[in-house]
Amino acid sequence: MADDDERPHNVFDGGRHVSFSENDLSAVNVWEALCRRNHGASSLLPWNPRPRLQKPLPDVDRFSAERCLKPANPPSASELIAHGGSPFLLSNFSETRASLTDLGSRRWRCSTQGELNCRCTAEDLQKYSNVTTDDDPLVLFDHEDLPENLVIEPPSSMRDDLLEDFASKTEELWRDAESGAAQLLGRERKWIVGGGRGAGSQWHRDPFWTSAYHCLLSGRKLWCFFAPAGAGCLPPGLVDEHSAPAADGWFREWEHLLRCSAELAVDGALAWCVQSPGDCVLIPPGLWHCTLNLEESVAFTRNIVNGRDAKAVRASGLEITRDDPALGEAYARLVRARRSDDDSGNGHEPVPMEE
């Protein structure tokens, strides 16, 4: 892999080192100003003299208590699977704490939901976050060389991680592969996520039918979950799976639904919660979710495939095979080997690949 300084000097390629100038930070749209400074795009992106107003955030005190996800005790593996598509909120799960200030002077990968990418220090991201009124704010989202003290181990119900087992046994297959499955399996399963007030993650489902756990290390974060009533049902405001609006815009447009009774039908079940430092959110495979920072925050998140969840193992295997047949075949071999170990009494519960 090329060193940072050897990467192409394109502000949007994930490798360009960015430092925000005072003029950038005084612009209404910071990305617009950065484009203008780096690419001379003043004729394409004329200066916008709108007054700088900090956007209001959702008033969660007005949200429906019926739709609120209540804190729960850590579920057992069987309870987690039995609840199917339901998320869990675990209060005070971890004592680890970290803010943007604690992330040091390295240049972190940052991006917007519109896939504008760069690398900048946490200090520069903090300066940007304190003043920006961008519709799609920059978020730190990095999987490389994570500080060990910020890597949080999963709850006991998620520790039989098939991805971890698979990655350790198939490095020769995924090390140089470019498929999305190879990136997930080998390189991009653990992340540090950070951003300022108003930054967030648009509606999405985690890839390859993975589960995730998300531990908040600082700040407060608003979550919204959507469990579809049937195939093809999408969260309110989405016209297809690939065109979700930025989280800030979605909450401004649709937060009224979260103030309504849970009896209101919206092609599925909507729920919400506010995550505090130390809390952990468990996200089952296939569940739609989006987030919005109510305060500057830092979190650790990790994708897994629960080796005890037969449905998730099958679904993940099918998606991996569609994306990368060689990895899919290796995945199936691993599942068969684990099933053989089960039959021999070596500690794993059976994980059939077929109904």
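In which helix is Ala-82 found? In the predicted model, Ala-82 belongs to helix α3. With a relative accessibility of 64%, Ala-82 counts as exposed, because this value is over the 50% cut-off. The C-alpha atom of Ala-82 is separated by 9.4 Å from that of Asp-309, although the two residues are 227 positions apart along the chain.

The chain as a whole contains ten helices and twelve strands. Of its 355 residues, 51% are buried. Long-range contacts are also part of this picture: among contacts between residues at least 6 apart in sequence, 79% join residues at least 24 apart.

Helix α3 (77-82) also contributes to the second largest pocket, to whose lining it gives two or more residues. The volume of the second largest pocket is about 460 Å³. Its lining comprises 29 residues, and those that lie nearest the centre are Gly-85, Trp-209, Pro-285, Gly-286 and Lys-311. Besides α3, the elements that supply two or more lining residues are β8 (221-228), β10 (280-283) and α9 (310-323). By residue class, the lining of this pocket divides into 17 nonpolar, eight polar and four charged residues.

A second region of interest is helix α5, which spans residues 162-169. Within this helix, Leu-162, Leu-163, Asp-165, Phe-166 and Ala-167 are buried. The N-terminal end of α5 is capped by Asp-161, a side-chain oxygen of which lies 3.0 Å from the backbone nitrogen of Leu-163. The loop between β4 (139-142) and α5 holds Ser-157. Ser-157 counts as buried because its relative accessibility, 3%, is under the 20% cut-off. When residues up to four places away in sequence are not counted, Ser-157 touches Pro-75, Ser-76, Ala-77, Leu-80 and Asn-306.

Helix α5 takes part in the electrostatic pairing of the model as well. The structure holds 15 salt bridges. One of them is formed by Arg-302 and Glu-164, with the closest N and O atoms 3.4 Å apart. This pair links distant parts of the chain, since Arg-302 lies in strand β12 (residues 297-304) and Glu-164 in helix α5, 138 residues apart. The two partners differ in exposure class: Arg-302, at 6% relative accessibility, counts as buried, whereas Glu-164 is partly exposed, with a relative accessible area of 33%.

A salt bridge within a single helix is provided by Asp-248 and Arg-252, for which the closest N and O atoms are 2.1 Å apart. Both residues belong to helix α8 (residues 247-254), and because they are four residues apart in this helix, they are separated by about one helical turn. In general, an α-helix has 3.6 residues a turn, so residues three or four places apart point the same way. Asp-248 is buried, with a relative accessible area of 6%, while Arg-252 is partly exposed at 42% relative accessibility.

A further salt bridge joins the side chains of Arg-259 and Glu-255, with an N to O distance of 3.2 Å. Here Arg-259 counts as partly exposed, at 32% relative accessibility, and Glu-255 is buried, with a relative accessible area of 14%. In addition to such pairs, salt bridges that share partners join Asp-160, Asp-165, Lys-169 and Arg-338 into one network. Asp-165 of this network is also among the buried residues of helix α5.

Backbone geometry was considered next. Most residues other than glycine have a negative phi. Against this background, Phe-208 has a positive phi, near 55°. Phe-208 is found in the loop between β6 (200-204) and β7 (211-218), and at 12% relative accessibility it counts as buried. Asp-267 likewise has a positive phi, near 65°. The place of this residue, Asp-267, is in the loop between α8 and β9 (268-275).

Methods:
Residues numbered from 1 in each chain as written. Predicted model: local features only at pLDDT ≥ 70, side-chain atom pairs only at ≥ 80, totals over all residues. Heavy atoms only, no water. 1 Å grid on protein atoms, 1.4 Å probe; cavity = no way out; pocket = protein on both sides within 12 Å on 5 of 7 lines; lining within 4 Å. Points joined across faces, edges and corners; volume = space filled by probe spheres on them. Nonpolar A, V, L, I, M, F, W, Y, C, P; charged D, E, K, R; others polar. Buried < 20%, exposed > 50% of the residue type's maximum accessible area, 1.4 Å probe, protein only. Polar contact = N/O pair within 3.5 Å; in protein donor to acceptor, adjacent residues only side chain to side chain. Contact = heavy atoms within 4.5 Å. Salt bridge = Lys/Arg side-chain N within 4 Å of Asp/Glu carboxyl O.
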